[in-house]
Amino acid sequence: MIDDSVIAAVATPAGVGGIATLRVSGEKSIEICDRVFRSINGKKLNDLKGYHAAFGKIYDKEQPVDEAVCLVFRAPHSFTGENVVEITCHGGIFVIQKVLRVVLENGAVPAQPGEFSKRAFLNGKMDLSGAEGIMSIISSQGEQGLNASLNLLEGSLSRKIDSVAQSLIDICAHISAWVDYPDEEIEELDENNILDTLSSAHNELKELTDKFDSGMAVTTGVEAAIIGKPNAGKSTLMNLLTGFERSIVTDVKGTTRDVVEETVNIDGCILRLSDTAGIRDTDDTVEKLGVERSREKIKRSAIVLAVFDSGDELTDEDRTLIDLCKEKPVIPILNKSDKETKIDRDYIESTLGRCIEMSAKNGTGLDELRDRVTTLLGTKNFDSNAAMLANERQRQCCLNALSSIEDAVNTLKSGFTLDAAGICIDDAVSALLELTGKRASQAVVDKVFSNFCVGK
Ligand code: GDP
């Protein structure tokens with residue numbers, strides 16, 4: 001339900017800048033701002049049409065606070081769909097907080113995180129995936145990612161999901177009509193036609209889930225684990241990729257005990273790299289903790305860089321490691337290629353695929369590594385104009401829809417009645433409507449917007 005309170009929050013980042021903006025939204029927002037703002041030409045904000053601005057001063061009772069420009073948006077033509085005033089004043093931390101306080105003292109309440117976007121959603125200005133596009137834009141770390149997020153905001157995903165959902169709704173409607181009104185002359189649906197529609201819906205959704213990791217890699221970034229036994233050269237590799245000395249590089253085995261994290265942009269592919277302690281069973285409690293975290297890390301990572309010391313024979317530790325990451329997208333790296341090779345390359349390649357020879361110390365092999373990373377994560381030819389899933393919530397909805405479609409196909413193929421398949425198809429539709437927010441529960445809506453920052 002939409003409340004009639006007027007919310008206010010600083011929309012620009014906390015810090016000193018040229019200007020800062022306070023957003024005020026709600027039916028009475030213009031009235032409240034008129035209490036604190038006096039324009040130089042004496043005009044009230046309430047006399048302004050939408051998209052018009054006035055220059056003047058903000059006052060705390062009779063005391064001027066700062067010069068300001070107030071931009072008026074009139075419902076429904078605003079971000080939230082309500083009356084909105086954006087007050088832009090000088091960008092000092094103290095001054096904008098003071099303006100906020102004056103506005104709050106005159107009848108507004110502080111906005112909760114994401115409340116502006118939530119009001120926009122509740123007023124039908126955007127759907128859930130569009131709102132998540134905004135989140136994605138804010139957190140985008142690269143050009144491709146920003147473009148993909150903009151597309152999300154503009155509805156590329158919703159259009160795709162809506163069209164898949166519509167094709168399924170059409171089948172459901174037909175089945176229901178046929179089952180519920182047996183006396184009417186409703187044509188029975190041809191099972192092959194249903195199977196065709198289900199198959200194309202499945203393909204479209206599968207394409208989205210398959211591209212999920214690539215999409216994440218160009219927007220918010222994916223986790224990447226650098227693993228290897230102590231002294232293989234993990235920290236050196238991490239330093240090479242991040243370009244500065246973040247990990248401690250030493251000759252003593254097991255120095256990198258904890259997980260160190262850094263974000264790097266490899267040709268548009270954003271990796272959240274973590275350098276972990278070597279995988280090994282140990283009685284040392286401190287190190288054991290690090291080891292457990294490493295196993296966890298491999299599980300969570302979208303890609304693993306497995307580092308081997310090519311100057312050493314393959315050890316049990318290396319084999320354990322190979323075993324742990326063999327199910328993952330992994331790039332095996334034979335480090336220290338500047339030294340004489342002793343490692344059993346064939347063994348590694350038989351399980352993990354083609355190795356890269358590198359010298360993390362000298363930087364050789366880096367280009368090949370970059371190439372392999374972008375190929376493996378599918379970001380090389382990533383089409384940032386195509387629809388993509390922006391987060392785990394959307395992916396889960398898609399997976400649920402896929403599984404219901406598969407159930408429907410199995411039901412039909414096992415000779416059950418059409419209405420049994422109809423129930424499964426209806427479940428798939430529900431999952432898709434939850435994705436776009438058209439049938440999302442209050443809890444889901446609250447969860448989505450709670451991830452936003454205040455002022456958005
Ligand atoms: P980690 O324990 O796996 O993080 O290994 P480090 O990055 O701390 O490296 C261990 C030792 O190997 C250090 O003395 C590095 O200078 C050295 N090292 C790392 N990469 C190379 C390399 O490509 N060639 C040679 N010769 N030494 C390297």
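Tutor: A helix here is a DSSP run of H or I with at least four residues, and a strand is a run of E with at least two, each numbered from the N terminus. This is a predicted model: local features need pLDDT of at least 70, side-chain atom pairs count only at pLDDT 80 or more, and totals for chains, interfaces and linings use all residues. Residues are numbered from 1 along each chain as its sequence is written, and side-chain values use heavy atoms, without hydrogens and water.

Student: Which helix gives the most to the lining of the second largest pocket?

Tutor: H8, with 3 residues. The pocket has a volume of about 350 Å³. Of its 15 lining residues, Phe-212, Asp-213, Met-216, Val-222 and Glu-392 are the closest to its centre. H7 (191-210), H8 (212-218), S8 (222-227) and H14 (392-413) each give two or more residues.

Student: What makes a residue part of a pocket lining?

Tutor: An atom within 4 Å of a pocket point. On a 1 Å grid over the protein atoms alone, a pocket is an open set of points where a 1.4 Å probe fits, with protein on both sides within 12 Å along at least five of seven lines. This lining divides into 4 nonpolar, 4 polar and 7 charged residues. Asp, Glu, Lys and Arg count as charged.

Student: Why are H6 and H15 called roughly antiparallel?

Tutor: H6 (residues 156-180) and H15 (residues 418-436) pack at about 155°, with axes 9 Å apart. Angles over 145 degrees count as roughly antiparallel, so H6 and H15 fit the term. H6 passes H15 in a left-handed crossing. Their contact has 17 nonpolar, 3 polar and 3 charged residues.

Student: How do you know that S5 and S6 pair?

Tutor: Two strands pair if DSSP finds at least two bridges between them. S5 (residues 63-73) and S6 (residues 84-91) are joined by 6 bridges and run antiparallel. Val-69 stands opposite Thr-88 in S6.

Student: What makes S3 and S7 edge strands?

Tutor: Each pairs on one side only. The open sheet has 7 strands in the order S3-S4-S5-S6-S2-S1-S7, with mixed pairing.

Student: Which backbone features stand out in the loops?

Tutor: Most residues other than glycine have a negative phi, and most peptide bonds are trans. Tyr-51 is not a glycine, yet its phi is positive, about 65°. Tyr-51 sits in the loop between S3 and S4 (52-60). A cis peptide bond joins Ala-75 and Pro-76, with omega about 0°. Pro-76 lies in the loop between S5 and S6.

Key
Axes are lines fitted to C-alpha atoms, for helices over the stretch in contact, and angles run from 0 to 180 degrees between N-to-C directions. Angles under 35 degrees count as roughly parallel, over 145 as roughly antiparallel, 65 to 115 as roughly perpendicular and the rest as oblique. A crossing is left-handed if the near helix is turned anticlockwise from the far one by less than a right angle, and right-handed if clockwise. Grid points are joined across faces, edges and corners, and a volume is the space filled by probe spheres set on the points.
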